[in-house]
Amino acid sequence: MDVFGIHIKNCLTLRPPDIFCVCVCVCVCVCVFRFSPLHHAALNGNLELVSLLLESQAAVDIRDQKGMRPLHYAAWLGKAEPMKMLLKSGSSVNGQSDEGQIPLHLSAQHGHYEVSEMLLQHQSNPCIVDNAGKTPLDLACEFGRVGVVQLLLSSNMCAALLEPKKGDTADPNGTSPLHLAAKNGHIDIIRLLIQAGIDINRQTKAGTALHEAALCGKTEVVRLLLEVTVRNTYSQTALDIVYQFTATQASREIKQLLRDASAALQVRALKDYCNNYDLTSLNIKAGDVITVTHATSNPTTCSTSAIAAFP
């Protein structure tokens with residue numbers, strides 16, 4: 001226990017009229033620093049001190065200069081035992097700081113699975129957005145916290161976060177869990193989001209997640225998300241973005257990937273086609289989608305063009 005903690009503990013064990021010392025000590029901490037002894041105890045994970053303060057009727061949801069409560073600090077550091085004490089004493093799981101964050105934002109961002117699970121069990125709302133417009137799921141995806149992402153995706157409340165939001169393409173700060181994971185190269189999280197049903201072509205003003213990955217040079221993400229026909233609000237493809245803004249080795253690989261994919265067209269057959277005289281030809285049924293990876297001007301190899309059209 002540090003010097004500050006020992007001093008508070010000593011104050012709390014005094015008998016009247018020495019209890020006046022407690023009042024003076026607490027007033028100095030709160031008025032001068034706006035950082036209460038309970039904040040200090042939660043930040044350090046000091047179970048004995050947290051217990052003593054709560055038994056002495058310390059305000060469990062007292063706010064510091066940033067609007068942070070003791071529960072925020074316990075969540076930030078992943079301190080499960082202090083958090084249990086604070087929750088048992090009635091601390092608000094959905095109380096927001098001056099930056100709009102609830103404790104779940106902090107535990108999700110820093111990958112604290114046990115603490116995040118505890119907060120969800122106490123009805124923490126994973127759909128609350130902070131002042132930057134981000135939810136706990138957004139932060140977990142942005143910082144690559146795979147376990148916490150799995151946990152949040154298992155919550156029924158998070159299903160709505162996978163849907164496009166009104167104003168996505170107009171808000172300059174608009175984003176999505178997929179965009180944040182893509183720009184930071186978190187492949188495993190992208191797969192989890194796709195499995196959970198997120199729209200891979202969801203657009204913000206910056207474009208799709210593919211645009212973000214291409215701009216940030218995330219080659220493996222580009223491989224996973226490759227849908228080069230999608231354009232952003234400036235009518236740019238992902239290939240346009242790479243040519244305009246990047247010149248790294250990764251961008252050169254991405255350019256080739258996008259060029260290769262740009263040459264592939266999908267067409268839908270309008271009627272059945274079968275050539276019994278050519279064993280190498282394709283047998284096609286009406287409605288089949290065909291990926292054309294190479295085009296040629298040789299008329300002898302383009303005989304099927306009359307029976308196919310873009311979907």
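## Helix pairs and ankyrin-annotated spans

The axes of helix H3 (residues 37-44) and helix H4 (residues 47-55) come within 8 Å and cross at roughly 150°. That makes H3 roughly antiparallel to H4, a label for angles over 145 degrees, with under 35 counting as roughly parallel, 65 to 115 as roughly perpendicular and the rest as oblique. Axes here are lines fitted to C-alpha atoms, for helices over the stretch in contact, and the angles run from 0 to 180 degrees between N-to-C directions. Helices (H or I, at least four residues) and strands (E, at least two) are DSSP runs, numbered from the N terminus.

A word on where this comes from: the model is predicted, local features need pLDDT of at least 70, side-chain atom pairs count only at pLDDT 80 or more, and totals for chains, interfaces and linings use all residues. Residues are numbered from 1 along each chain as its sequence is written, and side-chain values use heavy atoms, with hydrogens and water left out.

Back to the first pair. H3 passes H4 in a left-handed crossing, meaning that the near helix is turned anticlockwise from the far one by less than a right angle (clockwise would be right-handed). On the H3 side, Pro37, Leu38, Ala41 and Ala42 meet Leu49, Val50, Leu53 and Leu54 of H4, where contact means heavy atoms within 4.5 Å. Sort those residues by class and you get eight nonpolar, no polar and no charged. For that sorting, Ala, Val, Leu, Ile, Met, Phe, Trp, Tyr, Cys and Pro are nonpolar, Asp, Glu, Lys and Arg are charged, and the others, Gly among them, are polar.

Now for H5 and H6. The axes of helix H5 (residues 70-77) and helix H6 (residues 80-88) come within 9 Å and cross at roughly 155°, so H5 and H6 are roughly antiparallel to each other. Their crossing is left-handed. Here Pro70, Leu71, Ala74 and Ala75 in H5 meet Met83, Leu86 and Leu87 in H6, and the contact has seven nonpolar, no polar and no charged residues.

What does helix H8 (residues 113-121) bury? Val115, Ser116, Met118, Leu119 and Leu120 are buried there, that is, under 20% relative accessible area (exposed is over 50%, partly exposed in between, with a 1.4 Å probe and protein chains only). These buried residues pack against H5, H6, helix H7 (103-109) and helix H10 (146-153).

Two loop glutamines have a positive phi without being glycines:

| Residue | Phi | Loop | Relative accessible area |
|---|---|---|---|
| Gln57 | near 65° | between H4 and H5 | 68%, exposed |
| Gln123 | about 70° | between H8 and helix H9 (136-142) | 60%, exposed |

Gln123 comes just after H8.

As for the record, the unreviewed UniProt entry carries the annotation "repeat: ANK" over residues 33-65, 66-98, 99-131, 132-156, 173-205 and 205-227. Such positions are given in the numbering used here, feature names are shortened, and annotations may be inferred rather than shown by experiment. In the model, residues 66-98 have end C-alpha atoms 6 Å apart and are 52% helix and 0% strand. For residues 99-131, the ends lie 5 Å apart, with 48% helix and 0% strand.

Zooming out, the protein has 16 helices and three strands. Buried residues make up 41% of its 311 residues. Of the contacts with a separation of 6 or more, 65% come from residues 24 or more positions apart.
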